[in-house]
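Work through the following exercises with the coordinates open, and follow each solution step by step before going on to the next.

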Amino acid sequence: GNKHGSNIEELRINIVPIPGLRITVVNSLPAALFPKQQFQYIVDVACTGPFLKVPQVQLGYFLPVESLRVYPSMRLPTPLTKFLQPLPVANRDEFFEKWRALGGPPLKLQEVVHVKPSLTGGLTALAALFNALKLNVVPGLDPNQDNLVTAAVLAQEAPEEVMCIVRLEKDANDASRFRVTVATSSQIASSSVKEVVVCHLKS
């Protein structure tokens, strides 16, 4: 939207492509925006494979009144977790067979974090956060009731399946301290999902 007191012209948007995302522009930009006018620029984003960083959006416009060209930038809000879907779990034994099959680093990554105060009151808030991230909490999988386990799969155009499992283990002596374990069948996906999860737990 145009927050300036005069028209903005020569609008430009460039989304820097990255491997793993296919971005298609649905509509075109107007020639100008009047003061307080808004315009919805629509793009279609599809996942073609795991990716680590989200694309950069480069903007540009001209303020004729001030003879000023402005070039802000932002990140497209499309982390890898946006493309996750629930993974059906038939039984606990089958699930943990898949968990063990993923081995260790770089497919299985761990980090100990102190979560923000709003997440220290119990599992309800943590489960809501994980489900909002499309990680799909599966109740009853972990024998410890203070832990959470999620199971999802990446919805991508590539034929191979990328499974994503996250386990959150609570420190028995510190309600704010958790061990986060992220395991996927892709090194890039493991790093990407862990970065998203840790960021939301801390901030």
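**Exercise 1: a pair between two strands**

At 16% relative accessibility, Glu-169 falls in the buried class, because buried means under 20% relative accessible area; the model in which this value was computed is a predicted one.

Task: find which side chain meets Glu-169 in a salt bridge, and state where the two partners lie.

Solution. The side chain that meets Glu-169 in a salt bridge is that of Arg-179, with an N to O distance of 3.0 Å. The pair links distant parts of the chain, since Arg-179 belongs to strand 12 (residues 174-184) and Glu-169 to strand 11, the two being 10 residues apart. Arg-179, at 36% relative accessibility, counts as partly exposed.

**Exercise 2: a pair that involves a loop**

Task: for the salt bridge between Asp-142 and Arg-167, give the distance between the closest N and O atoms, and decide whether each partner is buried or exposed.

Solution. The closest N and O atoms of Asp-142 and Arg-167 are 2.7 Å apart. Asp-142 sits in the loop between helix 2 (123-132) and strand 10 (148-154), while Arg-167 is in strand 11 (residues 163-171), so the pair ties together parts that are 25 residues apart in sequence. For the second step, Asp-142 has 8% relative accessibility and counts as buried, and Arg-167, at 17%, counts as buried too.

**Exercise 3: a strand, a helix and a network**

Task: characterise the salt bridge between Glu-111 and Lys-202, and name the network to which these residues belong.

Solution. The side chains of Glu-111 and Lys-202 meet with an N to O distance of 3.6 Å, which meets the criterion because the cut-off is within 4 Å. Glu-111 is in strand 9 (residues 108-114) and Lys-202 in helix 3 (residues 187-202), 91 residues apart. Glu-111 is partly exposed, with a relative accessible area of 25%, and Lys-202 is likewise partly exposed, with 46%. Through salt bridges that share partners, Glu-111, Lys-194 and Lys-202 are joined into one network. The count of salt bridges in the model comes to 9.

**Exercise 4: the largest pocket**

Task: describe the volume of the largest pocket and the make-up of its lining.

Solution. The volume of the largest pocket is about 520 Å³. Its lining holds 22 residues, and Gly-1, Ile-13, Phe-39, Tyr-41 and Leu-59 lie nearest the centre. Strand 1 (8-15) and strand 5 (56-63) are the elements that give two or more residues to this lining, and the largest share, 5 residues, comes from strand 1. By residue class, the lining divides into 17 nonpolar, 3 polar and 2 charged residues.

Technical notes. Residues are numbered from 1 along each chain as its sequence is written. This is a predicted model: local features need pLDDT of at least 70, side-chain atom pairs count only at pLDDT 80 or more; totals for chains, interfaces and linings use all residues. Side-chain values use heavy atoms; hydrogens and water are left out. Helices (H or I, at least four residues) and strands (E, at least two) are DSSP runs, numbered from the N terminus. Buried means under 20% relative accessible area, exposed over 50%, partly exposed in between (1.4 Å probe, protein chains only). On a 1 Å grid over the protein atoms alone, a cavity is a set of points where a 1.4 Å probe fits but cannot get out, and a pocket is an open set with protein on both sides within 12 Å along at least five of seven lines; lining residues have an atom within 4 Å of a point. Grid points are joined across faces, edges and corners, and a volume is the space filled by probe spheres set on the points. Ala, Val, Leu, Ile, Met, Phe, Trp, Tyr, Cys and Pro count as nonpolar, Asp, Glu, Lys and Arg as charged, and the others, Gly among them, as polar.
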